[in-house]
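Me: I'm new to reading structures, and I'd like a close look at one small part of this one. Could you walk me through a strand pairing and then show me what else is worth a look?

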Amino acid sequence: MLSFLLRRVAQMVPLLVLVSLVVFALIHAAPGGPLALYLDNPNVRPQDIERLRKAMGLDRPLAEQYLAWAWAFVRGEWGYSYADGRPVMDRLLERVPATLQLAGISALVAVALSLVAGVVSAVRRGVDRAVTVGAIAGISLPVFWLGLVLQLVFANQLGWLPSAGRTSFAGGGLADRVAHLVLPVIVLAAAHAAGWSRYLRSSMREALTQPFIDAARARGVREGQLVSRHALRYALLPFVTVVLLDASLMVSGAVVTESVFAWPGVGSLFTESLAKRDYTVLMAFLMCGAITVALLSLASDVVVRSLDPRLRDAA
Amino acid sequence: MRRRTLLLALLLSACTKASSGPSNELLIVGYDREPDTMNRYATHILEDIQSCVIEGLVTTDEHMNVVPVLATEVPTLENGGVVMRRDGGMDVTWKLRPGVKWHDGHAHTSADVKFTADAMIKGDWKPESTDGFDRISSVDTPDSLTAVVHYKEPYAPYRLQFLRGTLPKHLLEGRNIDQANEYNRNPMGTGPYRVAEWKTGEYVLLERVPGYWRGSAYPKIAKILFRFVTNATTRINQLKSGEVHLVALVPWDKVRELKDLPAIRLNRVLGNGYEHVTLNERHFPPFADVRVRRALAHAIDRNLIVKTILDGLVSTVDGPIQPLSWAYEPDVPSYPFDPTKAGVLLDEAGWIRGVDGKRRKEGKELAFTLITQSGFTIRENVAQAIQRQLADVGVGVQIKLIDGTTISPVWFSGDFDAMLHWWQSGADPEITTFYADDKIPPDGRNIDYLNDAPLTKVLYASDREINQDKRRALLQDAQRRVADLVPELFLYNTSKIDAVPATLRNFKGNPTNAGPFWNVHEWEIVR
C-alpha cells in the first residue's frame with residue numbers, strides 16, 4: 001500500500017509541472033492584463049501604465065517571470081495580489097472555509113439524494129420515469145438560471161429566504177446561516193445529484209442481474225436486504241469513484257453558484273481575479289485546484305481498493 | 001413534526017430579518033464590487049466607500065461644482081489663491097480648515113498636504129495616476145494650515161489636485177505605502193465614518209466617528225454597510241426583497257423593474273460621460289473623409305434609440321463636454337436624423353450605391369466592424385440599431401462583442417474600425433487627451449486618430465489657461481471645432497440613476513466618479 005501511494009505521488013510531480021506551464025502560458029496569452037482596467041480611466045497616462053508595469057514586474061521576459069514564480073511557489077511564497085496588494089496565501093485561505101462549507105454540505109445533500117433516487121429508480125420501475133425526468137431536468141438546467149429563478153420565487157415573491165450572501169448583517173445566528181445556505185445548496189446539489197443518481201441507477205440495474213443476486217435470492221434473502229446489502233455494495237464501487245472525481249467539479253460549479261449568490265468563497269474570488277487578470281491569485285488558485293484534483297483521484301483509488309478486496313492484492 | 005416546526009421557525013426568523021428597512025441606525029448598500037484598496041490614491045475602482053472615510057481638500061457636488069471640504073475655499077486667481085510666476089510656473093495656496101482632526105486625534109495640517117504631494121512625486125509605490133503631481137516642483141508650508149504648491153508650469157485642473165484627500169504623514173512617513181496594509185485596509189481619514197470591519201468577499205461596515213469636525217449632529221446615520229453583490233440581477237433582487245436598501249448606478253435596463261416600488265426612490269442626475277461611436281481613421285481610412293463621418297451622423301436616429309432602447313432615461317448630446325460642465329457649449333453644429341442628406345454626402349464622397357443597395361468606391365465596399373463590450377444588454381441593442389440604420393443608407397456594419405478585460409488592450413492598440421463605448425471623466429473639462437494629434441495611444445486616448453492642427457493648438461492653450469472665463473472661451477472653440485469635424489458619433493449622455501430608500505433625505509447623486517457618497521454626512525432617514 002505504501003509503495004503504491006509513493007509511486008502515485010511521484011507520478012503527480014511531472015503532471016503538476018506540466019499543468020503549471022500550460023496554465024501560466026494560457027493566463028498570459030489571454031488578452032488584457034492586470035493593467036487593462038487602468039486604461040479606462042482617462043487620467044491614467046502612459047507614463048503611469050509604464051510605471052505600474054515595472055512595479056508589477058510585468059516588463060520582464062515571460063520565461064523569467066515563470067521561473068521566478070515557480071521557484072517562489074514551491075517555497076510557499078505565493079506573492080502579492082495585483083488587485084489589492086495583500087499576500088495571495090491570505091486571500092485564498094480566508095475564502096476557503098466558505099467554499100468548503102457550501103461545497104461540503106452540497107456534496108452531502110447530493111450524495112444522499114442520489115442514493116435514494118438511484119436505488120429507488122433501479123428497483124421501482126414505476127417511480128423510475130418520474131425520477132428520470134427530474135434527473136434530466138437537474139442535469140440540463142443551467143446553474144446560473146436556476147439560481148436566479150429560485151431567488152425570484154423564494155426571496156422576492158414568497159419572502160421566505162434571503163436571496164444572497166452568507167449571513168444577514170447583525171442577524172448572525174445559526175438559523176440565519178442555515179437560511180442563507182438553503183438556496184445555494186439546492187442549486188449546487190441539484191446538478192450533481194442528478195448526474196450521480198443516473199450512475200447509481202445503472203450500476204444498481206447491472207448489479208441486480210448478477211448471478212450472486214439470484215444465488216442470494218435462492219438462499220431466501222429478503223428483497224430489502226438483497227438490495228441494501230448485496231446489490232448496493234456492488235453498485236457503490238463505480239459510484240464512489242465518480243463522486244470523488246466529481247467532488248473537484250463541485251468547486252468549479254461553486255464558481256458560478258458563488259457569484260450568483262454573492263457567496264464569499266474561492267469561487268467568487270476566482271471570477272473576480274479572472275476579470276482583473278490578477279495573475280498571482282489565478283496561478284495559486286489553479287495550482288491548488290490541480291493539486292486537489294490529483295489528490296482526489298488518488299483518494300478514489302485508495303477508497304476503491306479498500307472497498308474491493310480483489311484489487312487489494314493486485315498491486 | 002417537531003422538525004417541521006423548527007424549519008418553519010428558521011424560515012420565519014430569516015424573513016423577518018430580511019424585511020427590516022433602512023434606519024438612522026443602519027443603511028445597507030448593495031455594491032457591485034469589492035474595493036481593491038481603501039487608499040484613494042491607489043484604487044482604480046469607484047471611490048464610494050473610500051470617500052466616506054477620507055475627505056478631499058475639495059469635492060465635486062451634484063452640479064459638478066468644485067466645493068471646498070478640508071480647504072476653507074477653492075483657490076483662484078481672483079481670491080489670490082493662485083499666482084502666476086514670472087518664470088512661467090504657478091503657485092497655488094491651499095488654506096486648510098482649522099480644527100480638523102484625523103480619526104486618531106492628530107491634527108490635520110499642511111504637513112500632510114506636503115507629505116502627500118512628495119509621496120506622489122516620488123512615486124516609489126503604486127498610485128493609480130500621478131496626473132498633475134508630476135508638474136509640482138515643491139510644496140511649502142509657511143504655517144500648519146497653509147500649503148503653497150509650486151507648479152513648474154500652468155496646470156488648469158489644479159483645483160482637483162487634492163480631490164482624493166491627503167495621506168496621514170504621522171502614519172505613513174518612511175514606510176512602503178503599498179504594503180502598509182493596515183492603512184490600505186482601514187485607512188486613517190478625517191471623514192464622518194471609519195471602517196469598523198472589512199469581511200473579505202462579503203462586506204465593509206462603516207461606523208460613525210465621534211467628534212466629526214462638522215459637529216456632533218453629523219453624520220446622521222450610525223452605520224453604513226456595503227455588501228458586495230457582483231451579479232447585477234442578484235443586486236436588484238436584493239433591493240426588491242429589502243435585503244439591501246440602496247443601489248448606486250442602477251443599470252438602465254433594470255429601471256423599469258424598480259419604478260413602481262413604493263419603498264424605492266430613483267434619483268437621476270446627468271452624468272459626466274457620453275456614449276459614442278469612435279471612428280478609427282487610421283484603421284479604416286474611409287473615416288478620414290469628413291463627409292463620410294457627417295453622413296454616418298445624419299444616418300443615425302438617436303432620438304429613436306433613446307426613446308425605445310433607453311426608455312427615455314438619457315438625453316442626446318452633440319459633444320464631449322457635458323451640459324453640467326461650466327465649459328459646456330450648446331451652440332455647436334449638429335447632425336439631425338436625415339437619411340437623404342446622409343446619402344447625398346456619401347455620393348459626394350464617391351461611395352455610390354449599387355443595385356444590391358451597398359455602397360462601393362473603386363470596387364471596395366463601405367463596410368466596417370463595430371466592436372463593443374459584451375454583457376451590456378443596452379449597448380448590444382444600440383449596436384444593432386446602428387447596424388440597421390446604417391444599412392438603410394447602404395453602409396455595412398458587422399458587430400463584434402468583446403469582454404470587458406479584453407477590449408481595453410484592443411482599443412489601446414488601435415486594432416479596430418469603430419467602437420461603441422463611453423468615456424467617464426472627472427469634473428475638469430480637459431479633453432486634450434481625446435483629440436490632440438499627439439495624444440494617440442500610447443500617449444493618450446485619441447483613438448479616433450484625429451489629426452487636426454487648429455484643434456490641437458486650442459486644446460493645449462486651454463490646458464495652460466488658469467483664468468476660467470478665458471479657458472471657457474478656448475474650450476468653446478474646441479467644442480465647435482470637434483462638432484464640425486465629428487471625429488466620433490455622439491449619442492447620449494450617460495445619466496446616473498441611483499435607487500435609494502424613499503425615506504432617505506439629502507441624497508443628491510453625483511455626475512462624476514467622485515460618487516454619490518460625497519455628502520454622506522447629511523444623509524438622514526425620515527419616516
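Reply: Let's start with Glu365(B), which sits in β16(B) and is the bridge partner of Arg360(B). Keep in mind that this is a predicted model. Strand β15 of chain B covers residues 359–361, and its pairing with β16(B) is antiparallel, over two bridges. As background, strands in a sheet pair through backbone hydrogen bonds, either parallel or antiparallel.

Zoom out a little and you get an open sheet of three strands in chain B, ordered β14-β15-β16, with antiparallel pairing. β14 (352–353) and β16 (364–365) of chain B are the edge strands, and each has a single partner, so one side of each has no neighbour in the sheet.

Now hop over to chain A for a helix. α5 of chain A runs over residues 125–140, so to speak a stretch of 16 residues, and spans 23 Å from its first C-alpha to its last, close to the 22 Å expected at 1.5 Å a residue. Val131(A), Ala135(A) and Gly138(A) are buried in α5(A). The buried residues of this helix pack against α4 and α7 of chain A.

Those two helices turn up again where the chains meet. The contact involves 51 residues from chain A and 52 residues from chain B. On chain A's side, the elements giving two or more residues include α4 (88–123) and α7 (174–208), and also α9 (223–260). That side of chain A divides into 27 nonpolar, 13 polar and 11 charged residues.

Key. Residues are numbered from 1 along each chain as its sequence is written. Chains are lettered from A and ligands numbered from 1 in the order in which they are written. This is a predicted model: local features need pLDDT of at least 70, side-chain atom pairs count only at pLDDT 80 or more; totals for chains, interfaces and linings use all residues. Two residues are in contact if their C-beta atoms, placed from the backbone, lie within 7 Å. Helices (H or I, at least four residues) and strands (E, at least two) are DSSP runs, numbered from the N terminus. Ala, Val, Leu, Ile, Met, Phe, Trp, Tyr, Cys and Pro count as nonpolar, Asp, Glu, Lys and Arg as charged, and the others, Gly among them, as polar. The expected span of a helix is 1.5 Å times one less than its number of residues. A residue is buried if 20 or more other C-beta atoms lie within 10 Å of its own, exposed if 12 or fewer, and partly exposed in between; C-beta atoms are placed from the backbone. Two strands pair if DSSP finds at least two bridges between them.
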